[in-house]
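Good morning, colleagues. Please take a moment with the sequence and the model on the screen, and I shall then take you through the main features in turn.

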Amino acid sequence: MTTKRQSMTKNAGMLALFAFACTLLVVIVNYFTEPRIEQQVKAQLIRSTNEVLSEEVANSAYQQRCIVVNEPQFLGNDKDQTIRLIELNQETAAFVYQTIAPDGYSGEIRLLVGLNADSTISGVRVVQHNETPGLGDKVETRKSDWIYQFNGQRLMDDKDPRWAVKKDGGQFDAFTGATITPRAVIKAVKNVLIYHATNQQSINDNATDC
């Protein structure tokens, strides 16, 4: 009986040691790869800036000022997000928001939202996601033209019923067999517009050189 107990104790100890080693390996890998992943995402965000601007602004020699904000209620989570103020001939031409849809089908969806000076949407792009291939990944421009539905849209007020998928009484198409992803993106873009409506002047006043 003592031998059996010793054997069980030994096996339990080995399992615990194996679990610890696996956890430690995951932590180490994450420690070394997370900064690199963040750098790649930031680089993608910068590259995608012109894609969410109007053609006229994107093709001009515009200047940028930036402001970093922490607005989990409107921009998706408690991480700092950058808002770019785009200026042309020393006048405000557009705004580009980094934001996150926290409730995608497979987790967070990182977005860029471009707004014209009149607060209409100039473009929206997904810069990172883990949505299901063949379904939720239709938010990508290389998979479908769904994301272009936002171009030229505006928000009348924070209860504007148009800002939903058609299944919920709104104006936006969903994907066949996948409604969660479109809902998440629509909600995230709407929240940007709500935030912008009350903070546009503050962004103008407080943005600094990027």
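I begin with the covalent cross-link. The count of disulfides comes to 1. The coordinates, I should say at once, belong to a predicted model. The cysteines concerned are C66 and C210, with their sulfur atoms 1.8 Å apart. The pair bridges distant parts of the chain, 144 residues apart: C66 is in strand 1, residues 63-69, and C210 is in the segment after strand 6, residues 208-209. The link of C66 and C210 is right-handed, with 90 degrees about the S-S bond. Are its two ends buried or exposed? C66 counts as buried, because its relative accessibility is 10% and the cut-off is under 20%. C210, by contrast, counts as exposed, because its relative accessibility is 58% and the cut-off is over 50%.

Let me now step back to the fold. The protein has 4 helices and 6 strands. Read from the N terminus, the elements follow the order α-α-β-α-β-β-β-β-α-β. Of the 210 residues, 42% are buried. Among contacts with a separation of 6 or more, 49% are between residues 24 or more positions apart. The accessible surface is about 12400 Å², and carbon and sulfur atoms account for 52% of that surface.

Next, the sheet. How are the 6 strands ordered? They form an open sheet in the order 5-4-3-2-1-6, with antiparallel pairing. Strand 5 and strand 6 are the edge strands, each pairing on one side only. Helix 4 packs on this sheet and touches strand 1, strand 2, strand 3, strand 4, strand 5 and strand 6. The direction of helix 4 makes about 140 degrees with that of strand 3.

Strand 2 deserves a closer look. On one side, strand 2 is joined to strand 1 by 7 bridges, and the two run antiparallel. Within that pairing, I67 stands opposite I83 in strand 2, and V69 has Q81 as its bridge partner. Strand 2 is also joined to strand 3, again antiparallel, by 6 bridges. There, L88 has E91 in strand 3 as its bridge partner. Of the 8 residues of strand 2, 7 are buried, so the strand is largely enclosed by the rest of the structure.

The connection from strand 2 to strand 3 is a hairpin with 2 residues between the strands. One residue in its turn, N89, has a positive phi of about 55 degrees. For context, most residues other than glycine have a negative phi. N89 lies in the loop between strand 2 and strand 3, and its relative accessible area of 66% makes it exposed. A further case is S119, whose phi is positive and near 75 degrees. S119 is located in the loop between strand 4 and strand 5. With a relative accessible area of 21%, S119 is partly exposed.

I turn now to the interior. The largest nonpolar core has 37 residues, and the members that touch the most others are Y97, F150, W163 and V185. Which elements each supply at least two residues of this core? They are strand 1, helix 3 (72-75), strand 2 (81-88), strand 3 (91-104), strand 4 (107-116), strand 5 (121-128) and helix 4. Helix 4 provides the largest share, 10 residues. Separate from this is a second core of 11 residues, including V57, Y62, A93 and A94.

Two tyrosines illustrate the packing. Leaving aside residues up to four places away in sequence, Y97 touches L75, T82, I83, L111, L112, V113, L115, V192, Y195, H196 and I203. Its contact Y195 belongs to helix 4, residues 180-206. Y195 is buried, with a relative accessible area of 5%. By the same sequence filter, Y195 touches V69, E71, F74, I83, Y97 and I203. The C-alpha atoms of Y195 and D158 are separated by 9.7 Å, and these residues are 37 apart along the chain.

To close, I return to two points. The sheet is open and antiparallel, in the order 5-4-3-2-1-6, and helix 4 packs on it. The disulfide of C66 and C210 links distant parts of the chain. Thank you for your attention.

Terms used: Residues numbered from 1 in each chain as written. Predicted model: local features only at pLDDT ≥ 70, side-chain atom pairs only at ≥ 80, totals over all residues. Heavy atoms only, no water. Buried < 20%, exposed > 50% of the residue type's maximum accessible area, 1.4 Å probe, protein only. Contact = heavy atoms within 4.5 Å. Areas by Shrake-Rupley, 256 points an atom, 1.4 Å probe, with all protein chains shown as cover. Disulfide = S-S within 2.5 Å. Core = buried A, V, L, I, M, F, W, Y, C linked by side-chain atoms within 4.5 Å. Pairing = 2+ DSSP bridges. Axes fitted to C-alpha atoms, helices over the stretch in contact; angles between N-to-C directions.
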